[in-house]
Structures are given as structure tokens and as C-alpha cells.
Amino acid sequence: MAIEVFAGSTADPTTLTSQVTKLKERFALDHVVLVGDRGMITQARITEDIKAAGLDWITALRAPAIKALLDGGALQMSLFDDRDMAGITSPEFPGERLIVCRNRALAAERARKREDLLAATERDLARIAAAVARKRQPLRGKAEIGLEIGAVLDTHKMAKHFTLDITDTRFSFARKTDEITAEAALDGLYVVRTSLPAAALDDTATVRSYKSLSLVERAFRCIKTVDLQIRPVYHWLADRVRAHVFLCMLAYYLEWHMRQRLTPMLYDDTDKDAAEAQRSSIVAKAERSPPPSPSKPPAEPRTASQSTASEPFSTISPPSPETPSSPPSVSEQPFTLTARPTPIQQKARDLLGLYRTQ
């Protein structure tokens, strides 16, 4: 376990060099495979840091690189007529494996969102065109018309898909059909890139490793907002800021282990192996495990508030000394009253292995 805090305004890719050194020297690991997103493991970092250190990597290609593979013929859409994953190679990535995945459900969802945004943009642009063309108090001036159009494009983020013709007294627009069609061809496609040979890690395991980055994102979300709320940081000195972040990491480490033991009480999938078995492909959407069979007793009822590992203990009050109001006599001495846990709290204590005195 390790954590490092960098100065503000530090680009993510530039933090990779020190981590490579840490893995090789401080932890003395013989074989390391870095798994990172497209913004972290860039081509520059691969060339300057990762290859030089003798490390392997798993990352993904950006959209322009995927489009170049499609335009160059290395990627054929016919590969996905009867499957959703295919391994290819390309001269642009020598000595590497490219695993192309196509998620049809994701493709349909992106197509729907794009069409909704295009329709909303057209509706708002048509309103501006009508304001320019009306006879009574028309919208005039290229700058004024441009401001109205800019507000619409900034809202829907569809400027690249429209051709605009603006003058002082006229405004017209049209969709860029060819560009929209070219973008739609990439819907649901993503390409995982790795230096590992297939004998070390096959295509399915490589894609699964890349998708495991979602666990990292979940951990950051837990530390930053949901449970631990690392911010705001009420420290100014660098060593105190680092200490604060370090304590938050330890708190997440503790919560992670609590979650493992409290799984029967939380809204977590309790049979992940069964859920994985009924999944048609690693590219397909993850499924929940099947409900318990009639022969298997159902899980204990859980309340909606039991979403975090520490929630069952939120109502247990600490021990408090009770002191009588009058001067104590021989038979009147201070005593300690410990709250009695509810059945749910006792269940949590049992799963964590806590005793009454703890």
C-alpha cells in the first residue's frame, strides 16, 4: 500500500515516472504490468518511462487512433458480424496486441443520445433562424446572432456536426451528414492495447483487467465524496496535507476490509462467480447474480440506510458515566452504561468479530 501527493496543477501523465521507479526499486517487483486509462498511459510515457523500465502495460486507444485503424484497413467491421471481440495487430503498434471490442448496447445508447442532442440543437437553432427572419423586431447583426448561436452550441456540444452560415441579416444551418456517419461508425467500439503476449494474458483476461479500472474510480469516489470526504482540506503545510491524505487512504483500506466481512448485510452482489458465469461475454454488460433458490434461505432484510460499511454502528452511543445528583453514598457510586446493540448491529459486530467490550 502506498500513496503520494503531488503539487497542484500537475498533469496526470507526468506523475507516472516516480511510480515506475517506486515499483521497481522500493517494492522490488520483478514483473509489473501497469493498467491505466488513455489519459495516464500515453505514447510519450510508454516510450520514455515504461519501456525503459522494462514494464508491461494495458491501456486503450483514443478515438482518433481507432478511426485511423478503421480508415487504414487494419480494423474491419465485418469482424463483429458474429462476435463482439477480436484481436488484431497493426504496424503502427509494433510488438503489441490490440483487442477490439464492440458493445452493441453501448452503440445503441450513444446513437440515441447523439440523435437527441442533434434534434435539440436543431430545435434551438431553428428558433434563432425564425427570430432572424421575422418581420417585426428581427434579430440583426452578425455578432448578436453569433452570441445566440454560441449559447446553443455550448449547451448541447454539437458544433462539430453543423454547418453554419451567418450574416448580418440571415442565418441558416445544416447537419454535416458525412461527419455524423463517420462518428456513428465508431459507436460502441473501444480498443484495448497491451504489450503482454497472449500466452501471459489472453484477450478476455486483458479486457477484464482494463475494466477493473472502474474499481479504482470507485475508490477515488469513495475517498473524495461518498464516504470519507477527503475535501475540504483544512491544512496549509505540505507535510500536514500529506498526512491528511495518508489517513484518508488508511480509512479507505479499513472500510474496504469491513465491506468484505459485512457483505451479507450490504447491498453487494454476494455471488459474483455466478454472475460472471451467466455473462455472455466480457464485453457485455455485467449481470447480477441469480436470486437464491427455494432451498436456500433468503438473506436477512436490510434497510436502505445500510449502504456503507459503518452505517450499522451509527446509532450506538459510546459508554457514558452516570453520576447521581446528590453526594454519593456507599451504595451510590458512578457506573458505566453501555448501549445495547440492536439485532442488526449485533449481526454486524459478529461478522466483524467484535466483542461486547470492543
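## Helices, a sheet and a pocket

α1 and α2 pack at an angle of about 40°, and their axes are 10 Å apart. This description rests on a predicted model. α1 passes α2 in a right-handed crossing. Which residues meet here? From α1 come Leu16, Thr17 and Val20, and they meet Arg45, Asp49 and Ile50 of α2. The residues of this contact divide into three nonpolar, one polar and two charged.

Just ahead of this helix pair, look at the segment before α1. Ser9 sits in that segment. Ser9 is not a glycine, yet its phi is positive, at about 60°.

**The sheet**

Next comes the open sheet. It has five strands, with mixed pairing. Their order is β1-β2-β7-β4-β3. Strands of a sheet pair through backbone hydrogen bonds, and the pairing can be parallel or antiparallel. Which strands stand at the edges? β1 and β3 (85-88) do, and each has a single partner strand, so one side of each is left without a neighbour in the sheet. From one strand to the next, the twist averages 20°.

Helix α2 (residues 43-50) packs on the sheet. It touches β1, β2 (56-60) and β7 (189-194). The direction of α2 makes about 175° with that of β2. So α2 has two kinds of partner in this account: it meets α1 through residues including Arg45, and it packs on the sheet. 

**Two antiparallel pairs**

Two strand pairs can be set side by side. The table lists them.

| Strand pair | Sense | Bridges | Facing residues |
|---|---|---|---|
| β3 and β4 (residues 97-102) | antiparallel | four bridges | Met85 and Cys101 |
| β5 (residues 162-166) and β6 (residues 171-175) | antiparallel | five bridges | Asp165 and Ser172 |

In the β3 and β4 pair, Met85 has Cys101 of β4 as its bridge partner. In the other pair, Asp165 stands opposite Ser172 in β6. How many residues make the link in the hairpin from β5 to β6? Four residues join them.

**Helices α8 and α9**

Now turn to a second helix pair. α8 covers residues 213-226, and α9 covers residues 238-261. Their axes come within 10 Å. They cross at roughly 120°. The crossing of α8 and α9 is right-handed. On the α8 side, the residues in contact are Ala219, Cys222 and Ile223. They meet Cys248, Tyr252 and Glu255 in α9. By class, this contact has five nonpolar residues, no polar ones and one charged.

The loop between α8 and α9 holds Pro232. A cis peptide bond joins Arg231 to Pro232. Its omega is about 5°.

**The second largest pocket**

How much space lies in the second largest pocket? It holds about 2100 Å³. The pocket is lined by 42 residues. Closest to its centre are Ala2, Ile3, Glu4, Val216 and Phe220. Which element gives the most to the lining? α8 does, with eight residues. At least two residues each come from α1 (16-26), β1 (33-35), α8 and α9. By class, the lining has 27 nonpolar, seven polar and eight charged residues.

**Putting it together**

Several elements come up in two places. α1 meets α2 through Leu16, Thr17 and Val20, and α1 also supplies residues of the pocket lining. β1 stands at an edge of the sheet, and β1 too supplies at least two residues of the lining. α8 and α9 meet each other, with Ala219 and Cys248 among the residues in contact. Both of these helices also help line the second largest pocket.

How values were computed:
Residues are numbered from 1 along each chain as its sequence is written. This is a predicted model: local features need pLDDT of at least 70, side-chain atom pairs count only at pLDDT 80 or more; totals for chains, interfaces and linings use all residues. Side-chain values use heavy atoms; hydrogens and water are left out. Axes are lines fitted to C-alpha atoms, for helices over the stretch in contact, and angles run from 0 to 180 degrees between N-to-C directions. A crossing is left-handed if the near helix is turned anticlockwise from the far one by less than a right angle, and right-handed if clockwise. Contact means heavy atoms within 4.5 Å. Ala, Val, Leu, Ile, Met, Phe, Trp, Tyr, Cys and Pro count as nonpolar, Asp, Glu, Lys and Arg as charged, and the others, Gly among them, as polar. On a 1 Å grid over the protein atoms alone, a cavity is a set of points where a 1.4 Å probe fits but cannot get out, and a pocket is an open set with protein on both sides within 12 Å along at least five of seven lines; lining residues have an atom within 4 Å of a point. Grid points are joined across faces, edges and corners, and a volume is the space filled by probe spheres set on the points. Two strands pair if DSSP finds at least two bridges between them.
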